[in-house]
Each structure stands twice: as structure tokens, then as C-alpha cells.
Amino acid sequence: MTTEILVNLTLPIVVRDIESVLETYGHSAYRRAFAIPEMRQKLAAYVLSHIPNRYAVVAEDKNEARLNAIPTSPFSERSRVQQVICDGVECVLRDHAEQIEHQLPVEGNLNTAPSHWFG
């Protein structure tokens, strides 16, 4: 008997798109802030809670590579996801500014971060 599991098909797309959007920020404090695993998770959670998610039931023993072969979203959906990511970046930075400030390396911290982070 094969065990089946529920898989969020949206998560890999969101993770990929978060990386894509963060790459547009160059080597800014934004990228450094979201290099912190906890902040990256908070951003992914924000995005997933603001967009429709798709799920599939798959056999537990199926190859993970098969799950990674999920087709990309239509342009309009991807554009929406990218906008939600940008909104999420601002929201997470605003809500966790103090925590981020303490976790970022001191060098260049205040020079490259938006002033409202450290308000």
C-alpha cells in the first residue's frame, strides 16, 4: 500500500520567485536581511498567505525531482506573486527591523539600509 502525502505546489514557485526578486536588489541591506533564514521564512509565509495556493496528493515514494518539474505560472499570476513579494519585503523589514539590525553585520548596516528600518 502506497502512502500519499499532501504537497504544496505553490511553495517551490514562491521560493524561486523570492530569489529572483531579491536578486534585483543587488548587494543591498535588503538582500543581507533576507539572507537570514528566519527572515526568508517570514517572507515566504507572508507571500503564501496572500496568494492562492495549489496542492497535490502524491505518493510518498515519488521522486522529489518530479515535484520540481511543476509548470510555471501564467505571466499574470507570476506578476502578482512578484508584487506580493515586494510588498512582503517591506512588511517583514518594517515588522522585524530591530531583530534584523541585530543580526546583520555591523559594516555598512546603516549606510545601505532604508532609514525607516531603524526608525
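Q83 is found in helix α5 of this predicted model. With a relative accessible area of 42%, Q83 falls between the cut-offs of 20% and 50%, so it counts as partly exposed. Along the chain, Q83 sits 62 residues away from V21, yet in space the two are 9.3 Å apart, C-alpha to C-alpha. V21 itself turns up in the contact between α1 and α5, which makes that pair of helices a handy place to start.

Two packed helices are described by the angle between their axes and the distance between the axes. For α1 and α5, the axes come within 10 Å and cross at roughly 65°. The crossing of this pair is right-handed. From α1, the residues taking part are V14, R16, D17, I18, S20, V21 and L22. On the α5 side, they meet R78, V81, Q82, I85, C86 and V89. Sorted by type, the residues of this contact come out as eight nonpolar, two polar and three charged.

Next up is α3 (residues 37–50), which also packs against α5 (residues 75–95). Here the axes come within 9 Å and cross at roughly 130°. That angle is not over 145°, the cut-off for roughly antiparallel, and it lies outside the 65 to 115 range for roughly perpendicular, so α3 is oblique to α5. Once again the crossing is right-handed. M39, K42, L43, Y46, V47 and H50 are what α3 brings to the contact. The partners in α5 are R80, V81, V84, I85, D87, G88, V89, C91 and V92. Split by type, this contact of α3 with α5 has ten nonpolar, two polar and three charged residues.

That leaves α1 and α3. Helix α1 covers residues 10–23, and its axis comes within 10 Å of the axis of α3, with a crossing of roughly 120°. At that angle, α1 and α3 are therefore oblique to each other. Their crossing is right-handed. In α1, the residues involved are T10, L11, V14, I18, E19 and L22, and they meet R40, L43, A44, V47 and L48 in α3. Eight of the residues in this contact are nonpolar, one is polar and two are charged.

Put the lists side by side and some names come back. V14, I18 and L22 of α1 are listed in the contact with α3 and again in the contact with α5. Likewise, L43 and V47 of α3 appear in the contact with α1 and in the one with α5. On the α5 side, V81, I85 and V89 are listed in the contact with α1 and in the contact with α3.

Away from these helices, the start of the chain is worth a look too. T3 is found in the segment before β1, a strand that runs over residues 4–8. T3 has a relative accessible area of 44% and is partly exposed. Its C-alpha atom is separated by 9.9 Å from that of V57, although the two residues are 54 places apart along the chain. Setting aside neighbours within four places in sequence, T3 is in contact with V58, A59 and E60.

Then comes N8, which lies in strand β1. N8 and Y55 are 47 residues apart along the chain, while their C-alpha atoms are separated by 4.5 Å. Not counting residues up to four places away in sequence, N8 touches Y55 along with L48, N53 and R54. L48 is also one of the α3 residues that meet α1.

Now for the whole protein. Its secondary structure comes to seven helices and two strands, and along the sequence these follow the pattern β-α-α-α-β-α-α-α-α. Pairs that sit far apart in sequence, like N8 with Y55, fit into a wider picture: residues 24 or more positions apart account for 82% of the contacts with a separation of 6 or more. There are 119 residues, and 34% of them count as buried. The accessible surface comes to about 7,600 Å², and 53% of that belongs to carbon and sulfur atoms.

Key:
Residues are numbered from 1 along each chain as its sequence is written. This is a predicted model: local features need pLDDT of at least 70, side-chain atom pairs count only at pLDDT 80 or more; totals for chains, interfaces and linings use all residues. Side-chain values use heavy atoms; hydrogens and water are left out. Axes are lines fitted to C-alpha atoms, for helices over the stretch in contact, and angles run from 0 to 180 degrees between N-to-C directions. Helices (H or I, at least four residues) and strands (E, at least two) are DSSP runs, numbered from the N terminus. Angles under 35 degrees count as roughly parallel, over 145 as roughly antiparallel, 65 to 115 as roughly perpendicular and the rest as oblique. A crossing is left-handed if the near helix is turned anticlockwise from the far one by less than a right angle, and right-handed if clockwise. Contact means heavy atoms within 4.5 Å. Ala, Val, Leu, Ile, Met, Phe, Trp, Tyr, Cys and Pro count as nonpolar, Asp, Glu, Lys and Arg as charged, and the others, Gly among them, as polar. Buried means under 20% relative accessible area, exposed over 50%, partly exposed in between (1.4 Å probe, protein chains only). Accessible areas come from the Shrake-Rupley method with a 1.4 Å probe; for residues, only the protein chains shown count as cover.
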